[in-house]
Amino acid sequence: MKRSDDSEREKRRKRRRLLQELGEQRIPFLSPSDPGFQQLWDSSYSGLALRQAGALPEGLHERVRSALTTLRRRGCLLRDLVRVRDRDVFTAVSRALVGQPGCTYRYLDTRLFTIPWHCEEEEEQLQTEGQSENCCDPDLRSACKALWELNQFFCTDIQHHKNARGVKRKHSETENSGSQEASKEESKSEKPEKDRVQEEKGEKSEKEEQKEGEEEDSDSGQGCSHSSPPQPSLIGPVHFNITLINYMDPAGMTHLKEEPYYGMGKMAVGWHHDENLVPLSPVAVYSYSCPGETKPEAVKAPVEKEGQTSNEGEKGDEEGGSREEEEGGDEGTSKEEEEKEKACWRVGLKVAWDIHTPGLALPLQSGDCYYMTDDLNRTHQHCVLAGDTARFSSTHRVAQCTTGTLEYIQKRCSEALENLHTDPETGTKSLRSLLPFTLQHIEDIHNEVEFEWLRQYWFQGHRYARFCSWWSKPMERLETDWKEMERMTQLLLAVVEDESSVQENRREMAETLLNALTDRQQHRQTWRDRQMTPV
């Protein structure tokens, strides 16, 4: 909790500093209609790749779009109550998590529980284990299978993309190295031996200084205005284990925040890094803009300019007009292209905590996909800029599942319950070990089960039970284990309070129990506040 609070405070401090440095100014950003757009993309956003709609098999488009509309029609897409700057707020987009059975995804103090893919492999495994796969009706199972097909396509396609980039990069490095060596040899042949020796010493010293400088840059962890050097990504093939489905209709939103740094327009999702992913793992996003839901005259209406906040008034219009005039070329064509871009949904990117590098706004046509590869998610931030139509997205990720799977938390429960002994004759329960380290470990698991799983599920996760019953029995089992841990805490309290006890470490046991109960009480109060706070 403390680490999370410290991280949030640091983000706020950086945001305040950026806004103070900017004042009333705006950082420039480029769109495809702006000169230098491709050069900026190649130099500062090289980890971003666009796959246009035609790259996907035509039949897959149809199945995925049908799946997304099925999820919405069935009411499976719900807004999440998340924690932002110590406040509970509803997300602007409606969401559902689909993925490997038993996986979860945690963001902004909220845990989402997967609706299973329902692929053939999963159903065969369930049949082998004697379990029923009918946690969803056929309509919903079919929709999840289509999203799994899209997931399989992304796993294969992004691997081909990474391989092609690697070959291209290696070829480029070889060419550059060869041309540099040829240039050096030619230069050496034209110089006296003494000058050549001195030059080689100078080059060696220069390389050492450059290496030291690069090491300092990599350690700083700060955003930079140049493209990040390629870093090793996941070893082996990519396996996306979840997809977060998002839906939003701007026509139904009464207020969307203006993008604050660049004036890019209305944001459906603010600037962020994707959380809780395997380091350097890629992200793949499918975008589907719903046809027939365009607002009347949305493009032609003289509404508030995209880059203008609510209090900028006429000044914003004047600045926007002067920018359009300075762009040169065919003014009518330029304006038309700009209006088309604004009508599209767009993904915005920026170098994290950097006010010198221009931002990038990439329009997305319906059916387009984009990949964030290498270290782009770590060194950059991205946002989603609302268009004129309703839009679905399917965002495929490699979620960090070391502590976020049902299998993990069930093993943790088994570890804790090993310390509970039940007399086979009388049924009397007792604790096997009273060592402070063991007791602390058990109470930590006790808290984890209650606050990271049970309360998260009953707070919001159970809403999906009316569509998919997969989590119902596992959560009942977790609740049963939690009750046993409550019993273990009572047994420990009885030992500590027993004045006749001959336990030498009673004081240490009491301190361990007091710390655990104090921490638990604070967490329970936090959850009570969350449930009672009006939103």
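**Entry 1: the hairpin**

I began with strand 5 (residues 104–107) and strand 6, which run antiparallel and are joined by four bridges. This is a predicted model, so I am reading computed geometry throughout. I looked up one of the bridges: Tyr 107 has Thr 110 in strand 6 as its partner. The two strands make a hairpin, and two residues sit between them. In that turn I noted Leu 108, whose phi is positive, at about 50°.

**Entry 2: aromatic pairs**

Next I turned to the rings, and the count came to 15 aromatic pairs. One of them is Phe 113 with Trp 453, an edge-to-face pair with 6.1 Å from centre to centre and 70° between the planes. What does this pair tie together? Phe 113 belongs to strand 6 (residues 110–113) and Trp 453 to helix 11 (residues 436–459), so the contact links parts that are 340 residues apart in sequence. I checked burial for both partners: Phe 113 is buried, and Trp 453 is buried too.

I then looked at Phe 153 and Phe 154. Their ring centres are 6.0 Å apart and their planes meet at 55°, so I logged the pair as tilted. Are these two buried or exposed? Phe 153 is buried at a relative accessible area of 18%, just as Phe 154 is buried at 0%. For Phe 153, the call rests on the cut-off for buried, which is under 20%.

**Entry 3: the cluster and the charges**

Back at Phe 113, I traced which rings go with it. Phe 113 and Trp 453 share one aromatic cluster with Tyr 457, Trp 458, Trp 470 and Trp 471. Trp 453 has a charged visitor as well: Arg 111 lies over its face, 4.7 Å from the ring centre. I found another such arrangement at Trp 353, where the charged end of Lys 350 sits over the ring at 5.4 Å from its centre.

**Entry 4: a cavity by the cluster residues**

Last, I looked for enclosed space. How many cavities of 30 Å³ or more does the structure hold? I noted five. I picked the second largest, which has about 70 Å³ of space. Its lining includes Phe 113, Tyr 457 and Trp 471, residues I had already met in the aromatic cluster. Thr 114, Ile 115, Gly 461, Tyr 464, Ala 465 and Cys 468 also line this cavity. By class, I have seven nonpolar and two polar residues in the lining, and no charged ones.

How values were computed. Residues numbered from 1 in each chain as written. Predicted model: local features only at pLDDT ≥ 70, side-chain atom pairs only at ≥ 80, totals over all residues. Heavy atoms only, no water. 1 Å grid on protein atoms, 1.4 Å probe; cavity = no way out; pocket = protein on both sides within 12 Å on 5 of 7 lines; lining within 4 Å. Points joined across faces, edges and corners; volume = space filled by probe spheres on them. Nonpolar A, V, L, I, M, F, W, Y, C, P; charged D, E, K, R; others polar. Phe/Tyr/Trp six-rings, centres within 6.5 Å; stacked < 30°, edge-to-face > 60°. Buried < 20%, exposed > 50% of the residue type's maximum accessible area, 1.4 Å probe, protein only. Lys NZ or Arg CZ within 6 Å of the ring centre and 35° of its normal. Pairing = 2+ DSSP bridges.
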